[in-house]
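Biologist: I am new to this structure and would love a close look at a single part, the open sheet. Could you walk me through that sheet and then show me how the rest of the chain sits around it?

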Amino acid sequence: MQIAVLGAGSMGHGIAQVSAMAGHDVVLRDIEAEFVESGLEGIRENLQGGVDRDKLTGTEMEETIARIEGTTDLADAVSDADLVVEAVPEDMDLKQDVFSDVEDAASEEAIIASNTSSLSVTEMASALEHPERAVGLHFFNPPHLMDLVEIVVAEQTDERTEEFAVDYVRDVEKEDVVVRDSAGFATSRLGLVTGLEAIRMVEEGVASPADIDEAMKLGYGYPMGPIELGDHVGLDVRLHIAEHLREELGERFRPPQALRRKVRAGKLGKKSGEGFYVWEDGERAGMSGQWGEDDE
């Protein structure tokens, strides 16, 4: 299968990687050559980490890399694609523009998917002349390590598209759950409630971010605590999703002031070097603010 992934950030290059590892030919596209190269380098680093941990061989790494090419040209990326997955920033106008541009350049049979974590796929699909081929493919961060893909069925999605999405997810060795399009779907809606409440607990002095995260990992089997996950996702992204769900679903999704303050200060989490934790070389190095240093 030929797959085009639009957006070479952490989600986009991760989706490209898992698709190529499953044997598909992939074109990774972004608007600037430096973004494309950064995405390709991220794939190389992920694969090398797998080799270092004996999860795959050097030959498998090279074969995967050989299946991926990068470009800044949208038409070149999607013209032969069977599946196009957009992984651009969470902005409805932008995503609708991308959907429309893809439809103009891709074949009539191509499936057009969004990796959105919370925005309406139904609304995105309304930008298409043939919205029945739109679907949500919500991968989790980082895609090469997380097993789940949430398949979001829009109001317009037809049976062929839904079946295609399920087959693709299983082919790339991920676990699928199928949900109907609604605000926050299943996972973002439930995950955000936990994340926001954890931040409120920090505000109230209940416990430190590290202790709250550790409690959820040890007590509930979370692979990563809700506050650390927010730092990974990006606190600006968390805030944006919370504001969207508040508008759609009500005041229970009101963002805590501590989250707003972090974003206003530019402390966005791992990508900025500081959020609720301090990050150095991609690893937790301590806690931000009054809680001082981790005792890790």
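Modeller: Happy to help; here is the sheet, followed by its surroundings.

This is a predicted model, in which local features need pLDDT of at least 70 and side-chain atom pairs count only at pLDDT 80 or more, while totals for chains, interfaces and linings use all residues. Residues are numbered from 1 along each chain as its sequence is written, and side-chain values use heavy atoms, with hydrogens and water left out.

Let us begin with the strands. Eight of them form an open sheet with mixed pairing, in the order β3-β2-β1-β4-β5-β6-β7-β8. Strands here are DSSP runs of E with at least two residues, helices are runs of H or I with at least four, and both are numbered from the N terminus. Two strands pair if DSSP finds at least two bridges between them. At the edges are β3 (68-71) and β8 (175-180), each of which pairs on one side only. On average, neighbouring strands of this sheet are turned by 25 degrees against each other, direction ignored. As background, strands of a sheet pair through backbone hydrogen bonds, either parallel or antiparallel.

Now for two of the pairings. β1 and β2 run parallel and are joined by five bridges; A4 has V27 in β2 as its bridge partner. Strand β2 (residues 25-29) is mostly covered, with four of its five residues buried. Buried means under 20% relative accessible area, exposed means over 50%, and partly exposed lies in between (1.4 Å probe, protein chains only). Strands β5 (residues 111-114) and β6 (residues 134-139) also run parallel, with three bridges between them. Here S114 stands opposite G136 in β6. Helix α5 (residues 92-105) packs on the sheet and touches β1 (2-6), β4 (83-86), β5 and β6, where contact means heavy atoms within 4.5 Å. The direction of α5 makes about 165 degrees with that of β5; axes are lines fitted to C-alpha atoms, for helices over the stretch in contact, and angles run from 0 to 180 degrees between N-to-C directions.

The loops deserve a look too. Most residues other than glycine have a negative phi, and most peptide bonds are trans. The peptide bond from N141 to P142, however, is cis, with omega near 0 degrees. P142 lies in the loop between β6 and β7 (148-153). In the loop between α7 (159-171) and β8 you will find E173. E173 is not a glycine, yet has a positive phi of about 65 degrees, and it counts as exposed at 70% relative accessibility.

Finally, step back to the whole chain. It has 12 helices and 10 strands. Its radius of gyration is 19 Å, close to the 19 Å that the globule rule gives for 296 residues, so the chain is as compact as a globular protein of that length. That radius is taken over C-alpha atoms, and the rule is 2.2 Å times the number of residues to the power 0.38. Buried residues make up 49% of the 296 residues. Of the contacts with a separation of 6 or more, 64% are between residues 24 or more positions apart. The C-alpha atoms fill a box of roughly 55 × 45 × 35 Å, taken along the principal axes.
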